[in-house]
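Please open the model in your viewer and keep the sequence panel beside it, as the tour below moves from one selection to the next and says at each stop what is to be found there.

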Amino acid sequence: MPLECSVLGKDLAITETTVPVISPYWRLKRNGHWALLCRYEQEQLRYSMLSPKMGATLALMDGRLTFRHLSMIAQYAFDLESLETSQEFVRQVIMAANGEDDAVVNMTPELEPFVKRIDPFEFAVKTSKWKAQERPAVPLSLNLMFSNDCHTNCSYCFAKGHCVPESKLLSTERWKELLREAKTLGIDQVFLSGGDPLFRKDALKLIEELIDLEMLFVLSTKCFITEEIADRLVSIGMTQPVNQYVREIQLNMDPNESTADNLAGSPGYYHRAVHSIRNLLKRGFNVRVKAVVTALTVPHIYEWVDELEDMGVRQISVAAYNRSLNGRNESLFLGKEDRASIIDQCRRARIDFPEIDLRTIGCEPMHDGAAVQKKAVTETVPALPGEDSEIHDKIRRWREWDHSFGTQSSITITPDGKVMLYDTVPQDEALFVGDVSTSSIVEVWNSDPLLNYPFPKTEQFKGVACYDCSNLAQCQSKAGFCFRDAYFRSGSVLVPPAQCPMVQGESAF
């Protein structure tokens with residue numbers, strides 16, 4: 001059950017007797033010279049850059065000090081002119097943390113087991129060093145591919161990587177070394193990708209290591225979960241909570257039995273998936289069932305949700321099929337009517353089955369309003385009293401940029417140890433930026449190949465439109481997905497993507 005948290009300044013007014021605490025859904029971390037506020041959950045990575053003063057102030061919010069006491073400490077620590085000025089400072093710290101993140105909540109006895117004690121002096125760094133840092137000093141998460149292989153051969157799969165001979169796979173011990181290094185670096189969120197993580201023979205040993213290290217992850221699989229495998233997952237702790245989470249197992253299956261078997265390229269897959277779900281539910285696993293909806297399965301979504309509800313499934317995801325390499329599988333693409341049908345069926349399902357957490361992913365068109373709203377929120381965050389204006393300006397710019405792509409937060413490790421920046425591209429030699437079979441995570445993260453890949457020098461674009469583009473630097477600051485898109489269309493990242501205004505002959509950037 002989710003913990004009840006009252007967000008200060010939103011759900012609850014801030015008074016002198018209020019006791020602020022960092023939500024158990026967030027982690028305050030030191031990363032190089034920066035303080036970062038990171039969302040602590042299984043499915044995505046979100047984080048905010050903080051100034052040294054803000055990091056130190058938030059570190060004091062461990063559920064033991066009232067707002068008044070925090071203000072008194074801040075007044076002394078930051079040499080603020082009065083208690084009133086200090087109270088305004090602490091209030092703005094809380095409001096900045098809760099403007100987008102909902103990270104500071106009211107302390108209650110229920111939250112006590114989840115409170116993390118942090119030394120505020122950990123965030124006392126020289127302003128010059130903080131300003132000089134341009135990116136996280138270490139990754140905030142890892143995307144791990146234990147295997148490229150799978151028990152199915154799905155028509156819509158975007159992750160069909162090159163086959164790695166067993167002799168060239170990273171050894172069990174090397175994987176464990178990398179996981180321990182990650183934990184030492186402060187990484188507590190990983191994403192399991194592939195291929196199917198359970199295809200690898202020693203997969204359960206690696207998952208057990210993740211559990212022992214108290215890392216968060218979602219185990220997404222199309223493997224047949226027999227009773228023996230389910231029992232083994234129970235024995236290694238998959239059903240035990242870490243902090244307030246019980247790690248999720250996501251079973252992937254498609255609506256409609258005959259269509260699902262055909263799309264999976266595996267006769268009898270639907271029947272095996274049903275048995276997998278029942279084996280997991282019977283043992284109390286946190287189960288989510290996900291469908292990648294194509295034009296062939298759109299008509300069957302409601303009846304599929306109905307069937308899953310009858311089986312006892314309470315968490316379902318419906319993701320639109322959006323990806324294609326080189327234009328393959330065009331027949332599976334969703335048209336406007338298909339997407340409208342998905343939304344309508346899911347709407348009806350939510351009404352008829354209110355106990356189900358039914359999520360839709362990529363089913364509705366993106367709206368520019370989201371970006372506009374985010375920018376507006378960013379611009380309303382004021383500078384903290386006494387804060388260095390350059391620090392405030394850098395944080396503002398950082399929030400406006402798109403840092404969702406891997407170079408700013410994560411790397412992908414393939415089954416043989418090659419490192420890429422994205423997991424949704426082919427495992428092509430041209431896309432590798434390192435190798436952890438012979439190097440540490442930190443060595444690859446700070447290596448020239450990785451640093452140069454997302455921000456190629458202008459000379460490397462000679463002969464294409466980017467070479468003469470005055471907006472190249474601005475484009476690169478946001479172009480994680482642009483480079484991937486360029487690769488899909490041409491086999492090279494050193495070309496503009498098809499939607500680039502210069503390619504389309506537009507005058508405006």
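## The parallel sheet and its helices

Begin by selecting helix H10 (residues 301-311), which lies across E12 and strand E13 (315-320) and runs at about 160 degrees to E13. Bear in mind from the outset that this is a predicted model, with a mean pLDDT of 86 for the protein and 88% of its residues at 70 or more.

Next, extend the selection to the sheet to which E12 and E13 belong: five strands form an open sheet in the order E8-E11-E12-E13-E14, and the pairing is parallel. At its edges are strand E8 (218-221) and strand E14 (357-361), each of which pairs on one side only. If you look along the sheet from strand to strand, the twist averages 20 degrees from one to the next.

Staying with the edge at E8, select strand E11 (residues 248-252) as well; E8 and E11 run parallel and are joined by four bridges. To see one such pairing at the level of residues, pick Thr 221, whose bridge partner in E11 is Leu 251. Now add helix H9 (residues 269-282), which packs on the sheet, where it touches E11 and strand E12 (286-293), and whose direction makes about 165 degrees with that of E11.

From H9, move to helix H8 (residues 257-264), and compare the two axes, which come within 7 Å and cross at roughly 105 degrees. That crossing makes H8 roughly perpendicular to H9. Showing side chains here brings up Glu 257, Ala 260, Asp 261 and Ala 264 on H8, with Tyr 269, Tyr 270 and His 271 on H9, as the residues that make the contact. Coloured by character, the residues of this H8 and H9 contact divide into four nonpolar, one polar and two charged.

## Three helices before the sheets

Turn now to helix H2 (residues 67-77) and helix H3 (residues 83-100), which pack with their axes 8 Å apart and at an angle of about 110 degrees. H2 and H3 are therefore roughly perpendicular to each other, and their crossing is right-handed. On the H2 side the contact is made by Phe 67, Arg 68, Leu 70, Ser 71, Met 72, Ala 74 and Gln 75, while H3 contributes Leu 83, Ser 86, Gln 87, Phe 89, Val 90, Arg 91 and Ile 94. The residues of the contact between H2 and H3 divide into eight nonpolar, four polar and two charged.

Before leaving this pair, select Asp 79, which is placed in the loop between H2 and H3; although Asp 79 is not a glycine, its phi is positive, at about 55 degrees.

Then keep H3 selected and add helix H1 (residues 52-59), since the axes of H1 and H3 come within 10 Å and cross at roughly 90 degrees. Here Lys 53, Met 54, Thr 57 and Leu 58 in H1 meet Phe 89, Val 90, Val 93, Ala 96 and Ala 97 in H3. The residues of the contact of H1 with H3 divide into seven nonpolar, one polar and one charged. Phe 89 and Val 90 of H3 deserve a separate selection, as they take part in the contact with H1 and are also listed in the contact with H2.

## The mixed sheet

Select next the open sheet in which five strands follow the order E7-E6-E15-E16-E17, with mixed pairing. Strand E7 (190-193) and strand E17 (434-435) stand at the edges with a single partner strand each, so one side of each is left without a neighbour in the sheet. At the E17 edge, strand E16 (residues 418-420) pairs with E17 in the antiparallel sense over two bridges, and Lys 418 has Asp 435 as its bridge partner in E17.

At the other edge, follow the chain beyond E7 into the loop that leads to helix H6 (203-212), where Gly 195 is placed. Gly 194 and Gly 195 are joined by a cis peptide bond, with omega at about 20 degrees.

## Where to read with caution

Finally, colour the model by pLDDT and compare helix H7 (residues 227-235), where confidence is highest at a mean of 98, with helix H12 (residues 368-380), where it is lowest at a mean of 36. Over residues 366-380 pLDDT stays under 50, and for this stretch the model has ten contacts beyond four places in sequence. Where pLDDT is low, the predicted coordinates should not be read in detail.

Methods:
Residues are numbered from 1 along each chain as its sequence is written. This is a predicted model: local features need pLDDT of at least 70, side-chain atom pairs count only at pLDDT 80 or more; totals for chains, interfaces and linings use all residues. Side-chain values use heavy atoms; hydrogens and water are left out. pLDDT is the predictor's confidence in each residue, from 0 to 100. Contact means heavy atoms within 4.5 Å. Two strands pair if DSSP finds at least two bridges between them. Axes are lines fitted to C-alpha atoms, for helices over the stretch in contact, and angles run from 0 to 180 degrees between N-to-C directions. Angles under 35 degrees count as roughly parallel, over 145 as roughly antiparallel, 65 to 115 as roughly perpendicular and the rest as oblique. A crossing is left-handed if the near helix is turned anticlockwise from the far one by less than a right angle, and right-handed if clockwise. Ala, Val, Leu, Ile, Met, Phe, Trp, Tyr, Cys and Pro count as nonpolar, Asp, Glu, Lys and Arg as charged, and the others, Gly among them, as polar.
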